[in-house]
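The following exercises concern the structure shown below. Each task is followed by a solution in steps.

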Amino acid sequence: MRNLLRRVRISVSVSALLALLIGLALTALVFASVRRVESHARTLQFKQEANLRINAVSGGLADAIEQLMVVNQLFNTFGVVEREQFRSFTAPLLARYPELQALSFQRLVSDAERPAYEALQRRRVPDFTITEFINERHVPAPRRPFYNVVEYIEPASGNGIALGLDTAAMTTYGDARSRSRRNGRVAATGLLSLVQYRGFHTGFLVLAPVYQRLAPQDTVRQRQRAVIGETAAVFRVGHLIHTLLGNARLLDQPGMSINIYASGSAQATQLAFSNGKAEPPSGATGALPVWLLYNYPAPVNAVFQVAGEPWFIEVAQQPRSFIDIRAGSWYALLGGLLSSLLAAAYIYNLVTRHSTIERVAGERTAALQFANLRLTEDLALRKRTEKALRLREKVIEVSANAVIICNAQGPDYAVEYVNPAFESITGYSAAEVIGKSLKSLHGAGHDQQNTEEISAALREQREGHVVLRNYRKDGSGYWNDLFIAPVRDEGGAISHFVVAQYDISAVMRFEAELEYQANHDALTGLANRHLLAERLSSAIAQAHRAGTELWVVFVDLDRFKFVNDTLGHEAGDAMLRVLGERIKGAVGEGDTVSRMGGDEFVLVLPGHPGDGDGLRVLQRIMDAVAEPLRIQAHEFFVTCSLGVAVYPADGGNADTLTKHADIAMYRAKELGRNTYQFYRPDMNASTLERLRIEADLRHALERNELVLHYQPQIDVKSGAIVGMEALLRWEHPVLGVVSPLRFIGLAEEMGLIIPIGAWVIRTACLQNMAWQTAGMGRLRMAVNLSARQFTGKDLLQSVTDALQESGLSPGCLELELTESMVMSDVENTITILRMLKQLGVHLAIDDFGTGYSSLSYLSRFPLDVLKIDQSFVRDIALGTDAAAIVVSIISLAHSLRLKVIAEGVETAEQLAFLREHGCDEVQGYFFSRPVGALEFASLMAHAPCTMA
Ligand SMILES: Nc1nc2c(ncn2[C@@H]2O[C@H](COP(=O)(O)O[C@H]3[C@@H](O)[C@H](n4cnc5c(=O)[nH]c(N)nc54)O[C@@H]3COP(=O)(O)O)[C@@H](O)[C@H]2O)c(=O)[nH]1
């Protein structure tokens, strides 16, 4: 506040000072302006006054000279003018112009005429003689060629002394005489001392020529010849000018001086008149102009003509300091100063008052603004509150959740409001529940849990939250997430409770669904790994507590992969669903059936399985799976292999038991499938071996551990070797020769089949070419392709490369594909097969008959050979369907113009049957096992071979 006041005071002082300064500046400006105007006015006035004097002098002189011209005119008019005439004529003139000293007529007299002239004059003036004035005395004029004799002069009084005076010798006449006679005009002399006053008075003469009347006067010569004399006016110059100025009251003006020179400039010797005194301003004016400090108009000079002679007049004003005179500028200055001071004082007062008013007004305005702001905020807040209230009301109205407002008064806590959602959820209308007890809404007659929490919240007047099952008007139940909260009135007392009910039935269902999905296999609905782990752990704990046994059974379907690959995943899935149900139906109620993925199932058999129940369950499972299965109108026969691990003997935890059951299942597979095996510790060794194979397979190719064996293919009719099948072997440094059955699947899983497969094709081509080059004939080399290799993007390239590198004819290479490979994606298969066919290679379907091949599709494939699976060949002699199947396959192949080769021919009977039914080629141990390249070459050397 103090700062504010100080600021206000400073601002007021500054304002006043500013006003004062502005006032002074304006005053100075006005003063200077007035001074300048005044000075200008005074200069003008002075000029006027000076001009008055100049005009008075020049005009007066001109008038005086005019008198002479009048006299001169007298002579020029009359020619001869008598003395009396002259006197009477000049008398009034002289009376009117007393400053005229004299008017005279001077006659030009030649020396010859002198005696006569003097004689004549003596008649009127005795003793008349032409004289001259020397040493202040009249003496007879010496003889000269001409005399200019003063013949008349008026007034005679005071001027008579000049009568008869010869002025020809007087230098004062100068050349005024000759000038006037030459020009025929008046001419003035310079200043001279008037003899009438013994030289004490200064005067001048004005001469005007008098010519002989009627004599020509046009030229100077004519005028000089015609001249007879001149009239002259004698002026006492000081007296004359004094009289002129005095008559005009222009004399003796204080501070004004008049100087008149009978010359064109201010020559001191020609000073004709002087009146008053005027000195220029003395003292320095500094940087200020003269007009500001002094009233000093510049002297007014003028040159005027006096009878043809230039006269110079100077009128000057005595300088006066502006402070010496009473001038408007004074008033302006004083007035300005006074006004400035008054204005400053007034502004000081005004600003002080204004500041005070402004401050007060500002304070009041601020207070008003503040109040206004508060009001606006209050209004806005109120609006917001109202809006929020309306919004809340609306939200409650449109809420999908039930909202109930009940009285806070127990024990009924009467319902006062329910929203539309409550009505739609419960089926009760507002009219039916308003006024009723809140507790009645929980569903009378139903056993309600968690309602105690609501009662406690109401009783203790606090918030509460429960999940409970409510019941609608129609008796149906729903899950309800219920929040209850007290509502306080303005006084802070709890007046109501608001209850929000969220129908979470869907959430509960969703949660249950999630829980189900989290614990169950989506395909079969069986327990999944997660639930298995839970159930198994729980069963182990229970078995542990009960001291009983527990079986973990690993079930793997045999040949499921074939179905899946052949008919596609949908068929596979359908099979899994059916078999899952069958397995589940084969176990007891307390047993758990889970699916681990693929075609693997894990079962938990608690209780006393060792009592014999367990084995019965295993058999029921195998029987159930082995039941014929119809999928997509096709009948399949599927078996399964089972492995069993027993708690606590084979493991104390879920992982160990499951792993051991898996190992046992593998063993069952190895034993020919469709059987079960109980885990034995020595089974671990084969599992470890499998792991080892996996690790070593990665390096088998680079370590050159892979080799090809070749099994001959014989033409049935000729008995000649027409080709061979390349069969892969892994010469493991520790395990010895490893069958492809043990590592091809692994290689597929590990992705190693691509480089391994490429190596097989390349090696087989090179070998075939080498043999052909060696003269073993044009043999056909059959090479097996795996599913992953067939669909891989590198196949075409690797085949092309192998053919190019080896130089083998494409027709000498046959690629064997399985049914499952070609049937999984028919369109893609057709594309791939066509591209391969374009290379010129042969294409064969291997293991034909083991799976399902659509004949219509088969006809679309660009195939060359059908290879009957060895399982049918093996069973030909057993009297089963195999023989019929083989016959059908041969017939089918031939109808499709395909060659038929039977593999796995081990006996002569088999060969005879095949030959009898038109099989084209055979392959099997009956002829040769697959052998190494050297041995095969040796074999070839002893057997005929051609390419069919
Ligand atoms: N993708 C690739 N698969 C290959 C390759 N090499 C082999 N294989 C596949 O491995 C499976 C097992 O082959 P293998 O152990 O070599 O067995 C073959 C023959 O030895 C065997 N065979 C031949 N004649 C008889 C016989 O009279 N009796 C009998 N019990 N077995 C016999 O049959 C196998 C040939 O099968 P197939 O291929 O269907 O003609 C096997 O599936 C091979 O395909 C390879 O390089 N790549």
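**Exercise 1.** Determine whether Arg 780 is buried or exposed.

*Solution.* Arg 780 has 24 other C-beta atoms within 10 Å, so the residue is buried (buried: 20 or more other C-beta atoms within 10 Å of its own; exposed: 12 or fewer; partly exposed: in between; C-beta atoms are placed from the backbone). The model is predicted: local features need pLDDT of at least 70, side-chain atom pairs count only at pLDDT 80 or more, and totals for chains, interfaces and linings use all residues. Numbering starts from 1 along each chain as its sequence is written. Arg 780 belongs to strand S30 (residues 780-784); strands (E, at least two residues) and helices (H or I, at least four) are DSSP runs numbered from the N terminus. Between the C-alpha atoms of Arg 780 and Ile 721 the separation is 9.5 Å, although their positions lie 59 residues apart along the chain.

**Exercise 2.** Establish how helices H23 and H25 are oriented to each other.

*Solution.* First, take the geometry: H23 (residues 795-806) and H25 (residues 826-839) pack at an angle of about 10°, with axes 11 Å apart. Axes are lines fitted to C-alpha atoms over the stretch in contact, and angles run from 0 to 180 degrees between N-to-C directions. Second, classify: the helices are therefore roughly parallel (under 35 degrees; over 145 is roughly antiparallel, 65 to 115 roughly perpendicular, the rest oblique). Third, list the contact: Leu 796, Val 799, Thr 800 and Leu 803 of H23 meet Met 835, Leu 836 and Leu 839 of H25, with C-beta atoms, placed from the backbone, within 7 Å counting as contact.

Technical notes
Contact = placed C-beta atoms within 7 Å.
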